[in-house]
Structure formats: structure tokens, C-alpha cells
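Okay, thanks everyone, I'll keep this short. Have a look at the structure while I talk, and stop me if something is unclear.

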Amino acid sequence: MERFVLTDAQWAKMEPHCLGKLGDRGRSGADNRLFVEAVLWIARTGSPWRDLPPMFGKWNSVYVRFRDWVRADVFQRLFEACSDEPDMEYAMVDATIVKVHRHGQGAKGGPQSQAIGRSKGGMTTKILALCDALGNLVRFVLLPGHRFDTVGVPPLIEGLDFDALIADMAFDSNAIIAELDERGVKAVIAQHPRRAIARDLDKEAYKWRHLIENFFCKLKDFKRIAMRSEKTDQSFAAMIYLATTVIHSR
């Protein structure tokens with residue numbers, strides 16, 4: 001059974017930011033590396049928690065610890081600590097749809113209480129991401145699959161300074177372009193054919209949009225993300241943060 005072992009270099013980046021240290025009273029941090037590898041095994045294979053190999057310990061104990069780390073935002077802090085300073089010469093925004101497994105639809109309050117909605121593909125979640133000029137993730141938001149991509153853009157760009165925003169036709173919105181113009185940011189956004197007044201498009205800069213598509217391809221190598229099995233947005237976001245931490249540390 002493949003274990004998906006972290007390299008020493010990858011673990012060296014993560015270790016100082018994991019909960020628990022040797023010598024602490026209570027739960028020891030000695031098995032933090034094994035625990036993170038267990039969560040990565042789930043993320044990579046897309047398997048149910050009950051199928052976790054015995055080498056990682058009791059599946060229920062690992063799952064309870066996972067939920068503790070989720071509530072404490074540890075995975076988000078790992079992502080932030082292991083990500084280099086973003087190159088904000090320009091930013092890229094795009095969205096990808098993931099199908100929701102039936103095991104991911106049982107949260108309290110129903111799917112409507114989470115970022116789950118019915119679209120042409122059935123029950124789906126939309127990952128809307130903003131990457132830097134190198135194609136590295138900076139921020140993301142989760143939306144129900146049927147929501148428009150433009151809805152999640154304002155929280156992604158709030159408080160960020162960048163020189164240009166690259167996006168495809170789905171983001172050709174008067175509201176978004178007006179905000180970018182007000183901020184003095186160049187809009188490199190493919191235009192909808194029905195746009196009354198055509199805008200100049202920097203075609204050379206637009207070619208770099210493939211970098212965010214490349215990021216989504218790497219992210220969906222993790223089967224637990226390619227098909228959502230987490231009932232709550234918080235747990236699904238934690239899986240995305242952990243997977244991106246590994247991607248950034250390669």
C-alpha cells in the first residue's frame with residue numbers, strides 16, 4: 001500500500017507550524033508527520049476514512065484529529081507558512097467545478113448550508129481561485145456550482161495590490177472592470193462577443209492564463225478534491241490548503 005511519504009525537505013517546511021511539540025504536556029507532537037501523511041493519503045486516493053491503512057493508526061482517531069486541526073485553522077496556517085511571498089506583478093483568477101460525492105451531502109442544514117448547488121453536472125461545488133504571476137495560489141473561495149464566477153471576485157481581490165488581472169470571458173463584468181479601472185489595475189479579460197464597446201486586450205499577457213489552469217490540474221491530482229467527499233466547506237477547504245501546501249513545497 002503506497003503511503004505518499006513527505007520528503008524531508010517538505011516536512012522541514014511544515015514541522016515548525018504543526019500543533020504540538022515534543023515535551024508538551026498532553027498529546028505529543030511526535031506523530032505529526034505520520035498524521036499529515038495519513039491525511040495526504042486520504043486526499044490523494046479519495047478513499048473513505050474507514051479505509052485508512054493500519055500503518056497510520058486507528059482511522060477514527062486520525063479523523064477526530066483532522067477535525068480538531070480543521071477547527072483550529074492549522075491547515076490554512078500551514079499553507080500560509082509554506083507559501084513564498086506571492087509575485088503580484090499580475091494576478092490570475094479562474095474557477096473549476098468539482099462534483100460532490102453522495103457522502104459529501106449530509107451536512108446539517110442540507111447542501112444549501114454549504115457551498116453545494118445543483119448545476120448541469122448534478123450536485124457540485126465551484127473552487128474560485130486567485131493565483132499570482134507564477135501560478136501559485138494566493139486565495140480561493142468556495143461557491144455552489146450554479147453561482148456565477150463573478151460573485152466571488154470581490155473578496156478575492158480585496159486588499160491586494162497587483163498591476164493587472166488576467167481572466168477569461170466568464171469574468172467580463174462591467175462591475176469588475178469598473179473596480180479595476182478605479183484602482184488603476186490593467187484588466188486583461190477576454191471580452192464577451194455581446195460587449196457593446198470593445199476594450200483593448202493584451203494578448204501576450206493573456207497567454208499566461210494557462211498557469212492557473214496548470215494549478216487546477218495539479219490540485220485535481222488529489223482525488224479527494226477532484227470529487228468532493230467532505231460534508232462541510234471547512235473540511236473541504238482544509239484539504240485544498242494541505243494539497244496546495246504540498247504543491248508549493250515541491
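Let me start with a definition: a disulfide here is a pair of cysteine sulfur atoms within 2.5 Å. One caveat before I use that rule: what you see is a predicted model.

So how many disulfides does the rule give? The count is zero. Take Cys18: the closest cysteine sulfur belongs to Cys82, and at 8.2 Å that is too far for a bond. Cys82 is in no disulfide either, since with a cut-off of 2.5 Å the 8.2 Å to the sulfur of Cys18, its nearest, doesn't qualify. Are these two cysteines buried or exposed? Cys18 has a relative accessible area of 7%, so it counts as buried. Cys82 comes in at 4%, so that one is buried as well.

Okay, on to helix α3, residues 59-71. Does the length add up, or, put better, what span should we expect? With 13 residues at 1.5 Å a residue, α3 should span 18 Å, and the end C-alpha atoms are indeed 18 Å apart, so the two agree. Just past the end of α3, Asp73 takes a positive phi, about 60°.

Which residues of α3 are buried? That would be Val62, Arg65, Phe66, Arg67, Trp69 and Val70. Keep in mind that an α-helix has 3.6 residues a turn, so residues three or four places apart point the same way. As for what sits over those buried residues, the cover includes α2 (32-45), α4 (74-82) and α10 (233-248).

Let me stay with α10 for a moment. The axes of α3 and α10 come within 10 Å and cross at roughly 90°, and the pair is therefore roughly perpendicular. At the contact, Phe66, Arg67, Val70 and Arg71 from α3 meet Gln234, Ser235, Ala238 and Met239 from α10.

Phe66 is worth a look in its own right. Leaving out residues up to four places away in sequence, Phe66 touches Phe35, Val39, Trp49, Phe75, Ser235, Ala238 and Met239.

That takes us to the nonpolar cores. The largest has 55 residues, and Phe66 is among those with the most contacts inside it, along with Val36, Phe75, Ile127, Phe140, Leu219 and Ile225. The element that gives the most to this core is α10, with ten residues. Apart from it there is another core, of 23 residues, including Met88, Ala91, Leu130 and Ala167.

That's all from me, so over to you for questions.

Technical notes:
Residues numbered from 1 in each chain as written. Predicted model: local features only at pLDDT ≥ 70, side-chain atom pairs only at ≥ 80, totals over all residues. Heavy atoms only, no water. Helix = DSSP H or I, 4+ residues; strand = E, 2+ residues; numbered from the N terminus. Expected span 1.5 Å × (residues − 1). Buried < 20%, exposed > 50% of the residue type's maximum accessible area, 1.4 Å probe, protein only. Contact = heavy atoms within 4.5 Å. Core = buried A, V, L, I, M, F, W, Y, C linked by side-chain atoms within 4.5 Å. Axes fitted to C-alpha atoms, helices over the stretch in contact; angles between N-to-C directions. Parallel < 35°, antiparallel > 145°, perpendicular 65-115°, else oblique.
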